Amino acid sequence: MLDVRGLKKVYEGSGRRIEAVRDLTFTVGAGELVCLVGPSGCGKTTLLKCVGGLLAPTAGEVSLSGRKVDGPPPGMAFVFQEYGRSLFPWMRVGDNVELPLRQKDLSRARRRELVGDALASVGLADAAGAYPWQLSGGMQQRVAIARALAYEPEVLLMDEPFAAVDAQTRADLEDLVRRLWRERGITILFVTHDIDEAVYLGERVIVLSASPTVVREQLRVDLPAERDQVHTRVAPRFAELRTRVYEQIQAAKRGAATPAKADMPPSG
Amino acid sequence: MRGPLLRLVFVLGLPVVLVAVWWAASAGSKDVYWPPLRTIVETFPDVWTGERWRGDVLPSVLRLAAGYALAAVAGVALGTLVGSRRRVRAVCEPVLEFLRAVPPPVLVPVIMLFAGIGDTMKIVVIATGCVWPVLLNTVEGVRAVDPVMAETARSYGITGAARLRRVVLPSASPQIFAGLRQALSIGIILMVISEMFAASNGLGFTIVQFQRSFAIPGMWTGILLLGLLGFVLSVLFQLVERRVLGWYHGLRDASRRS
């Protein structure tokens, strides 16, 4: 489905050469929910922008369903961390969700239907007429998620989407993502720096090294598909997995030279 | 109930006081140049008859509207072009700053040379004066589009005309309106000045005529009318702005509260 092979990104500017991403290879299978987690400043956003076609990689390539990504492909939707700056404040919520659909060849009725459906599935059916800035942060991020859903992407890219909301809202939004993923069978690549979030959400967690980034380890999360904030987070297996990821991240921060051998082969 | 009434008192209070002071201070004036306000007010309906409105006020306002509209369209169009291309901006910016620094009234004699002394000259004068604040503010506004918004638009394939219409221009609209507001007051000044140089009708022309024929109260009524015209236009502008930029004021209030 989504193939990232030998991805490398070097920023050149004002005499400095910064190697943000060194060599990344991983795949995301159709209908998978994969979390990328790494230490702060490890080039997660750079990586995601390369995957989304917003940045051109220095070397390597990204392909979606066998087609090389060399610009934002129509089959991808992005949810950014900064929801307040990602929604357009001059448009009402419904128009924000509808705007990307106007670029597609869809009838007005079909667009309406997609917008209504997407807003309903994030629990904001009555908010279509409000402006984004009239909503709370969590609700704004729901609108951004609805916009992505209405776009009917093959892959949904989420860049630390819940880093800027409070803890309770965050738990709700995590459950929302899990539910949408199960209901709609979409493929999600979710970037986060929060270890618990990565383990709680993902079917698979890819641990990244510190910058310049490589894949340090891939872990299959063998928790039951039915997860909830109370029980999943106290399950012994959850604790084991989060400890494993935590150790890897700590090792990555110390800059341990050789990444540990992956204990699970990547799927796909 | 007290709210609106109090607001009305605040809004009207100072103007009423000022007019009253003027009225009282000028009441017994024998000075030819400073006639009593009472005389000016009494002269007003005699001077500004239906014919004057049609023959002088209307042509002035129409020329202002034409010049202003021309400047607005040209300013936003050029500003968008300059603002969205870094190369074009680098080339144009020093020239624009220079042109803006030239006081528009000095252009009147120059423009008279090629545009004559008719309506065209006056419209061109108004447009060349008004275009700079609109242009420069549009450049700034277009340049300052939030990078996250720009990336969002790009990731959803919103490009070309749709991007311009639904992302870039709305995002720049608060700045564009700031430019349009400055341009409005410049436009009124240039409307009057262009008519003082060479004209056969218009508000500026009439005021100069009164002054030259020592019809001093008449001259004062013209000045009052100009003030009122400026006031009405500014109120109209605010109404339009409040409609178009409703989202912006709401957004600002929302972020101030949090």
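**Chain A: the annotated span**

Begin by selecting residues 2-235 of chain A, the stretch that an unreviewed UniProt entry lists as "domain: ABC transporter". The structure on display is a predicted model. Within residues 2-235 of chain A, helix accounts for 32% and strand for 28%. The C-alpha atoms at the two ends of this span are 31 Å apart.

**Chain A: two domains**

Next, colour chain A by its domain assignment. Domain 1 is made of three segments, 1-75, 155-162 and 179-268, whereas domain 2 covers 81-152. Taken over C-alpha atoms, the centres of domain 1 of chain A and domain 2 of chain A are separated by 26 Å. Where they touch, domain 1 of chain A contributes six residues and domain 2 of chain A contributes five residues. On the side of domain 1 of chain A that touches domain 2 of chain A, four residues are nonpolar, two are charged and none is polar.

**Chain A: helices 4 and 5**

Now select residues 108-121 of chain A, which form helix 4, together with residues 137-150 of chain A, which form helix 5. How do these two helices pack? The axes of helix 4 of chain A and helix 5 of chain A are 8 Å apart, at an angle of about 135 degrees. An angle of 135 degrees falls short of the cut-off of over 145 for roughly antiparallel, and the pair is therefore classed as oblique. Viewed for its handedness, the crossing of helix 4 of chain A and helix 5 of chain A is right-handed.

Show the side chains at this contact. Helix 4 of chain A supplies Leu114(A), Val115(A), Ala118(A), Leu119(A) and Ser121(A). Helix 5 of chain A answers with Ala146(A), Leu149(A) and Ala150(A). By class, this contact of helix 4 of chain A with helix 5 of chain A holds seven nonpolar residues, one polar residue and no charged residues.

**From chain A to chain B**

Display both chains and turn to the place where they meet. Here 20 residues of chain A are in contact with 18 residues of chain B. On the chain A side, the elements giving two or more residues are helix 2 (83-86) and helix 3 (93-102). Which of these elements gives the most to the side of chain A that touches chain B? Helix 3 of chain A does, with three residues. The side of chain A that touches chain B comprises 13 nonpolar, four polar and three charged residues.

**Chain B: the whole chain**

Hide chain A and view chain B alone. Its secondary structure consists of eleven helices and zero strands. Along the principal axes, the C-alpha atoms of chain B fill a box of roughly 75 × 60 × 30 Å.

Select residues 57-241 of chain B, which UniProt lists in an unreviewed entry as "domain: ABC transmembrane type-1". This span is 87% helix and 0% strand, and its end C-alpha atoms lie 25 Å apart.

The unreviewed UniProt entry also gives "transmembrane region" for residues 61-82, 183-208 and 214-237 of chain B. Compare two of these stretches in turn. Residues 183-208 of chain B are 81% helix and 0% strand, with end C-alpha atoms 24 Å apart. Residues 214-237 of chain B are 92% helix and 0% strand, with end C-alpha atoms 35 Å apart.

**Chain B: helix 6 and two partners**

Select helix 6 of chain B (residues 119-143) and, as its partner, helix 4 of chain B (residues 86-101). Their axes come within 11 Å and cross at roughly 150 degrees. Helix 4 of chain B and helix 6 of chain B are therefore roughly antiparallel, and their crossing is left-handed. Arg89(B), Leu96(B), Leu99(B) and Arg100(B) of helix 4 of chain B meet Trp132(B), Leu135(B), Leu136(B) and Val139(B) of helix 6 of chain B. The residues of this contact divide into six nonpolar, two charged and no polar.

Keep helix 6 of chain B selected and add helix 5 of chain B (residues 107-115). The axes of helix 5 of chain B and helix 6 of chain B come within 9 Å, crossing at roughly 140 degrees. This pair is therefore oblique, and the crossing of helix 5 of chain B and helix 6 of chain B is right-handed. From helix 5 of chain B, show Leu107(B), Val108(B), Ile111(B), Met112(B) and Ala115(B). Opposite them in helix 6 of chain B are Thr120(B), Met121(B), Val124(B), Val125(B) and Thr128(B). This contact of helix 5 of chain B with helix 6 of chain B has eight nonpolar, two polar and no charged residues.

Terms used
Residues numbered from 1 in each chain as written. Chains lettered and ligands numbered in written order. Predicted model: local features only at pLDDT ≥ 70, side-chain atom pairs only at ≥ 80, totals over all residues. Domains from an automatic or database assignment. Contact = placed C-beta atoms within 7 Å. Nonpolar A, V, L, I, M, F, W, Y, C, P; charged D, E, K, R; others polar. Axes fitted to C-alpha atoms, helices over the stretch in contact; angles between N-to-C directions. Helix = DSSP H or I, 4+ residues; strand = E, 2+ residues; numbered from the N terminus. Parallel < 35°, antiparallel > 145°, perpendicular 65-115°, else oblique. Left-handed = near helix turned anticlockwise from the far one by under 90°. UniProt positions renumbered as here; feature names shortened; annotations may be inferred.
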